[in-house]
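I set out to record, entry by entry, what I looked up in the structure shown below. Each entry takes up one topic.

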Amino acid sequence: MVVPRPRPPRLIRPVREPATTPPPLTGPWAPTDRRLDAVDLLPLPDGATGPEDVVVDPSGRVISGDEDGRLWWWPADAPPGTRPRLLAETGGRPLGIEVDPAGGGLVVCDAYRGLLRVTPDGSVHELTGTSPPVHLANNAAVARDGTIFFTDSSDRFPVPHWKRDLLEHRPNGRVLAFRPGARRAEIVADGLYFPNGVALTPDESALMLVETTTHRLLRVDLPQGTVRVLADLPAYPDNLSAVGDGTYWIALASPRVPVAERLLPHPRLRQLAALLPDAMQPQPRRYGLVALVDGDGTVRRTLHGPRGDYWMITGVRQHGDQLWLGSLLAPAIARTPI
């Protein structure tokens with residue numbers, strides 16, 4: 001079953017914002033560690049692309065999805081070039097993937113179907129219904145009591161048209177919570193600018209959250225949903241994952257694009273840019289980048305791939321002494337020692 005793909009609004013509704021100047025990659029962001037230009041690649045089947053996130057389940061399977069709605073797995077110790085096995089088909093577009101502590105399966109954010117539970121044998125079950133409607137489920141974090149916190153990135157634009165949401169530059173997103181036994185999700189925080197990666201703090205008193213559009217790292221206190229800005233990042237963040245010791249890996253899809261930042265005071269130009277063919281719109285840079293931050297937003301470590309051999313990195317996960325990477329565009333997941 002392939003679920004319908006919603007059509008985006010034809011016109012964006014941009015508002016005037018101050019221009020920003022992308023900060024240089026210096027200091028803790030300096031490209032001194034360039035190991036992302038020498039990663040191991042584990043390919044998807046021929047023709048498949050877009051392993052947006054990656055997770056390692058309790059049985060040692062490395063799991064990712066593709067843009068055609070399938071979930072694949074590889075052994076964690078698989079040599080480079082190993083082809084995956086099919087786990088499940090969602091009929092939508094799997095993005096963020098988390099281990100489900102209830103039953104050992106997975107919680108999957110599907111861009112078209114909302115929040116899903118996938119059992120170890122590959123059965124797929126919808127969790128969120130239509131009240132309130134989930135427009136673009138993107139990334140999730142699962143609490144010890146089974147509550148699933150997840151981002152609904154845009155109530156205007158489906159995932160293939162994420163650039164249009166960034167050009168619009170409005171707070172079209174929110175964070176939702178789905179509690180065990182509930183029939184609907186509840187709003188934790190709204191008015192967010194393409195909220196994307198999310199992770200729980202070790203004591204589960206707050207969420208660490210990134211906004212792609214405003215390139216910000218946020219803290220959302222629970223249960224009140226108070227939002228505090230921790231850092232302005234030099235790149236556009238995507239998924240985020242907790243290490244477990246109070247630090248977090250952030251996947252950064254691209255360093256900030258100067259022309260996109262200069263267009264912010266010009267809503268009419270941004271509206272016209274959104275009507276152009278994709279190749280003529282501002283483009284992400286071909287550059288690999290992930291960062292490790294602490295709970296205060298202080299950068300502890302950055303890994304770079306200036307050649308862009310593996311780029312548009314949207315998923316990052318630490319498992320033992322290995323770092324696993326996913327990409328919105330690549331035909332493979334990647335692995336590097338840390």
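**Entry 1: A hairpin and its turn**

I began with strand 16 and strand 17, which form a hairpin with five residues between them. In the turn, G225 has a positive phi of about 80°. I note that the model is a predicted one. I then looked up the pairing of the two strands: strand 16 and strand 17 run antiparallel and are joined over five bridges. Within this pair, L217 stands opposite A231 of strand 17.

The loop of this hairpin held a further point. P223 has its place in the loop between strand 16 and strand 17. The peptide bond that leads from L222 to P223 is cis, and its omega is near 5°. For background I wrote down that most peptide bonds are trans.

**Entry 2: The sheet around the hairpin**

I next asked in what order the strands of this open sheet are arranged. Four strands form the sheet in the order 14-15-16-17, with antiparallel pairing. Strand 14 (195–200) and strand 17 (227–232) stand at the edges with a single partner strand each, so one side of each has no neighbour in the sheet. From one strand to the next, the twist averages 25°.

I also looked up the pairing of strand 15 (residues 206–211) with strand 16 (residues 216–221), which is antiparallel over six bridges. Here V210 stands opposite L217 in strand 16. L217 therefore faces V210 in one pairing and A231 of strand 17 in another, which fits the sheet order, because strand 16 is written between strand 15 and strand 17.

**Entry 3: A second open sheet**

I turned to another open sheet, made of four strands in the order 2-3-4-5 with antiparallel pairing. Strand 2 (54–56) and strand 5 (85–89) are at its edges, and each has a single partner strand, so one side of each is left without a neighbour in the sheet. Neighbouring strands here are turned against each other by 25° on average, direction ignored. Strand 2 is joined to strand 3 (residues 61–65) by three bridges, and the two run antiparallel. In strand 3, S64 is the residue that V54 stands opposite.

**Entry 4: Two residues with positive phi**

I recorded as background that most residues other than glycine have a negative phi. H169 has a positive phi, near 60°. This residue, H169, lies in the loop between helix 1 and strand 12 (173–178). Is H169 buried or exposed? H169 has a relative accessible area of 9% and is buried, because the cut-off for buried is under 20%.

E204 likewise is not a glycine and has a positive phi near 60°. The loop that holds E204 lies between strand 14 and strand 15. At 22% relative accessibility, E204 counts as partly exposed.

**Entry 5: The cavity**

How many cavities of 30 Å³ or more does a search of the whole structure find? The search finds one. Its volume is about 460 Å³. The lining has 29 residues, and W162, K163, L166, T212 and Y236 lie nearest the centre. Helix 1 (162–168) gives the largest share of the lining, four residues. Among the other elements that supply at least two residues are strand 18 (235–242) and helix 2 (258–262). By class, I noted 16 nonpolar, eight polar and five charged residues in this lining.

**Entry 6: The pockets**

The largest pocket has a volume of about 570 Å³. Of its 30 lining residues, E98, V99, V142, A242 and R317 lie nearest its centre. The lining consists of 17 nonpolar, seven polar and six charged residues.

The second largest pocket holds about 390 Å³ of space. It is lined by 19 residues, and V159, P160, H161, W162 and L328 are the closest to its centre. Helix 1 provides the largest share of this lining, three residues.

**Entry 7: The chain as a whole**

Last, I looked up the overall figures. The secondary structure of the chain comes to three helices and 24 strands. The radius of gyration is 18 Å, close to the 20 Å given by the globule rule for 338 residues, so the chain is as compact as a globular protein of that length. Along its principal axes, the C-alpha trace spans about 50 × 45 × 40 Å. Of the 338 residues, 59% count as buried.

Technical notes:
Residues numbered from 1 in each chain as written. Predicted model: local features only at pLDDT ≥ 70, side-chain atom pairs only at ≥ 80, totals over all residues. Heavy atoms only, no water. 1 Å grid on protein atoms, 1.4 Å probe; cavity = no way out; pocket = protein on both sides within 12 Å on 5 of 7 lines; lining within 4 Å. Points joined across faces, edges and corners; volume = space filled by probe spheres on them. Nonpolar A, V, L, I, M, F, W, Y, C, P; charged D, E, K, R; others polar. Pairing = 2+ DSSP bridges. Axes fitted to C-alpha atoms, helices over the stretch in contact; angles between N-to-C directions. Rg over C-alpha atoms; globule rule 2.2 N^0.38 Å. Buried < 20%, exposed > 50% of the residue type's maximum accessible area, 1.4 Å probe, protein only.
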